[in-house]
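Open the model in your viewer and keep the selection box handy. We will go from one stop to the next, choosing a few residues each time.

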Amino acid sequence: MIITIVGGGSTFTPGIVKSIALRKDELEVDEIRLFDIDRERQDKLGVLVKWILEEDLKSGIKLTVTYDEKEAYTDADFIFAQMRVGKYAMREMDEKIPLKHGCVGQETCGCGGMAYGMRTIFPMIKVIDDVEKYAKPTYWILNYSNPASIVSEACRKLRPNARIINICDMPIAIIDVVAAALEVNKKDLVYDYYGLNHFGWFTSIEYKGEDVMPKLRDYIMEQEILLPAAYLKDKQALTSSGSSGGNRHTKGSWYYVWKGVYEIMQNFPETLPNTYLNYYLQQKEFVEHSDPTHTRANEVMETREKNLFDGIDRYLATGEIDESVFYAGSHGDWIADLAIALKNDTKARFLVITENRGAIPNMPYDAMVEVPAYIGKKGPEVIAQNEIPLFQQGLMMQQLNSEKLLVEGCIEGSYEKVLQAFTLNKTVPSMKVAKEILDDMIEANKEYWPELK
Ligand code: NAD
Ligand code: G6P
Ligand code: MN
């Protein structure tokens, strides 16, 4: 049983490896392979992963670090993809260029997300084609590579038969925070959710059969933020990006999105919004408290990335590892548990990004939606939803069509369609601003984007 991690040089690799190794018996895994196109980055991560597998967990799992597609994928069972095409340098552009024009600057939302999508579509298709060529015919690609919404639409269109499931860790990160706020075990929480990726709503949350949405709503209204009381004691620690410990979703500029959940629920209290909805419902306010010269990309480079690579250098120099240099937690657990459900046909319930096919009756058949599904060896069996309200459906249709136009424009090399995608996006106030951002993005992404005519 072989698991290949694409984007082996990612800051999330140690956490994912740890989650896999801790589930060794259920996964029956013999070998983990790391594959990346950045040798220097992946070689460093390889040192840490070797330590995790051999010294820390004494797992007996073989490690292969490779830069060759054939070696990476031959006979692989699972491929966990987490590439960041253009790395943090390009994330910084995605965030800063829109802000320069007064628009939301975000990794996966609005113009930044669309720019990232245009870089990732074809590399992701290449992964699928290489995997099809070399891996076991029963392979599964579990994809975290962002922007997952746009990537999943491109895969649906270009490689409809690929055995790929696109996933996101934000809903479970929200559930982690909800559990800590309500002081309950997250394993006892059961939830309903629908939306597009980074664009959805929890419609119910139950704790051991009890509806805890009213309690949660009261808690958020009292605290004026969705964060556990224990975290709120030291606001400075929350808003500074200096620390690598604790829950990364509560550090640095993440603070504002938890505050934003409160602001959204003040007006729309029925459902718990995904934190990413802030960028579409509070676009003006989020631009106002962004620093256009220092964005989340900078925070990550100064903390998660720096701490990790400094920690590896220290290990190489002294032989000592400080585990707080790497992030481990729900992110790795989620993808590893999904692989267990697929492999062992458990029919466990997961949120996945999947073709709608009628699950949400008043959304198009071919929309890539994020909904709960039972996961077995044949893939997701999606759970049917009720019709969704007009407000949410309207928002989702606007976002869906923006993303569909972006994917079509990217595949066809059509400047006009990509401009329509930018213009249609709710984070952009006018066609003129859309064009200005797009033209700056074309310049910044010369090395990565297909040519637009
Ligand atoms: P990172 O830059 O630390 O790691 C990404 C790695 O991908 C780099 O080592 C880079 O060299 C490699 N890479 C780039 N292009 C590649 C290609 N064509 N083939 C193989 N490898 C390639 O980034 P990170 O912050 O650790 O995030 C990794 C990815 O996971 C990003 O796409 C991020 O958006 C995504 N992510 C998604 C979720 C989710 O909810 N879906 C959650 C967390 C992270
Ligand atoms: C959440 C989202 C991911 C996103 C990540 C960014 O986990 O679900 O899709 O990539 O946040 O986190 P970061 O710490 O890199 O800003
Ligand atoms: Mn996500």
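## A parallel pair to begin

Start by selecting residues 31-35 and 62-66: these are strands E2 and E3, which pair in the parallel sense over 5 bridges. This is a predicted model, so please read every stop with that in mind. Now show the side chains of phenylalanine 35 and threonine 66 in E3, which stand opposite each other. As you look along the strands, recall that side chains in a regular strand alternate between the two faces of the sheet. Next, add residues 39-56, helix H3, to the selection: E2, H3 and E3 together make a right-handed β-α-β unit.

## The manganese site

Select ligand 3, the manganese ion, next. Which protein atoms act as its donors? They are SG of Cys168 and NE2 of His198, at 2.1 to 2.4 Å from the ion. Colour the chain by secondary structure and you can trace where this pair comes from: cysteine 168 sits in the loop between strand E6 (164-166) and helix H8 (170-182), while histidine 198 sits in the loop between strand E7 (189-196) and strand E8 (199-207). The two residues are 30 apart, and the pair links distant parts of the chain. Are cysteine 168 and histidine 198 buried or exposed? Both are buried.

## Aromatic stops

Now bring up the aromatic side chains, where 14 pairs are counted. Zoom in on tryptophan 254 and tyrosine 276: their ring centres lie 6.1 Å apart with the planes at 85°, so this pair is edge-to-face. Tryptophan 254 belongs to helix H12 (residues 254-267), and tyrosine 276 to the loop between strand E10 (272-273) and helix H13 (278-281), so the contact ties together parts that are 22 residues apart in sequence. Both partners count as buried: tryptophan 254 has a relative accessibility of 11%, and tyrosine 276 one of 5%.

Then select Tyr194, Phe199, Trp201 and Tyr280, which form one aromatic cluster.

Two arginines deserve a look as well. Arginine 163 lies over the face of tryptophan 140, 4.4 Å from the ring centre. Arginine 119 lies over the face of tyrosine 448, at 6.0 Å from the ring centre.

## Zooming out

Finally, show the whole protein chain as a cartoon: there are 19 helices and 13 strands to find. Its radius of gyration is 21 Å, close to the 22 Å that the globule rule gives for 453 residues, so the chain is as compact as a globular protein of that length. The C-alpha trace spans about 55 × 55 × 45 Å along its principal axes. Colour by accessibility to finish: buried residues make up 59% of the 453.

Note on methods: Residues numbered from 1 in each chain as written. Chains lettered and ligands numbered in written order. Predicted model: local features only at pLDDT ≥ 70, side-chain atom pairs only at ≥ 80, totals over all residues. Heavy atoms only, no water. Donors = N, O, S within 2.8 Å, 3.2 Å for Na, K, Ca; no water. Helix = DSSP H or I, 4+ residues; strand = E, 2+ residues; numbered from the N terminus. Buried < 20%, exposed > 50% of the residue type's maximum accessible area, 1.4 Å probe, protein only. Phe/Tyr/Trp six-rings, centres within 6.5 Å; stacked < 30°, edge-to-face > 60°. Lys NZ or Arg CZ within 6 Å of the ring centre and 35° of its normal. Pairing = 2+ DSSP bridges. Right-handed = clockwise from strand over helix to strand, strands pointing away. Rg over C-alpha atoms; globule rule 2.2 N^0.38 Å.
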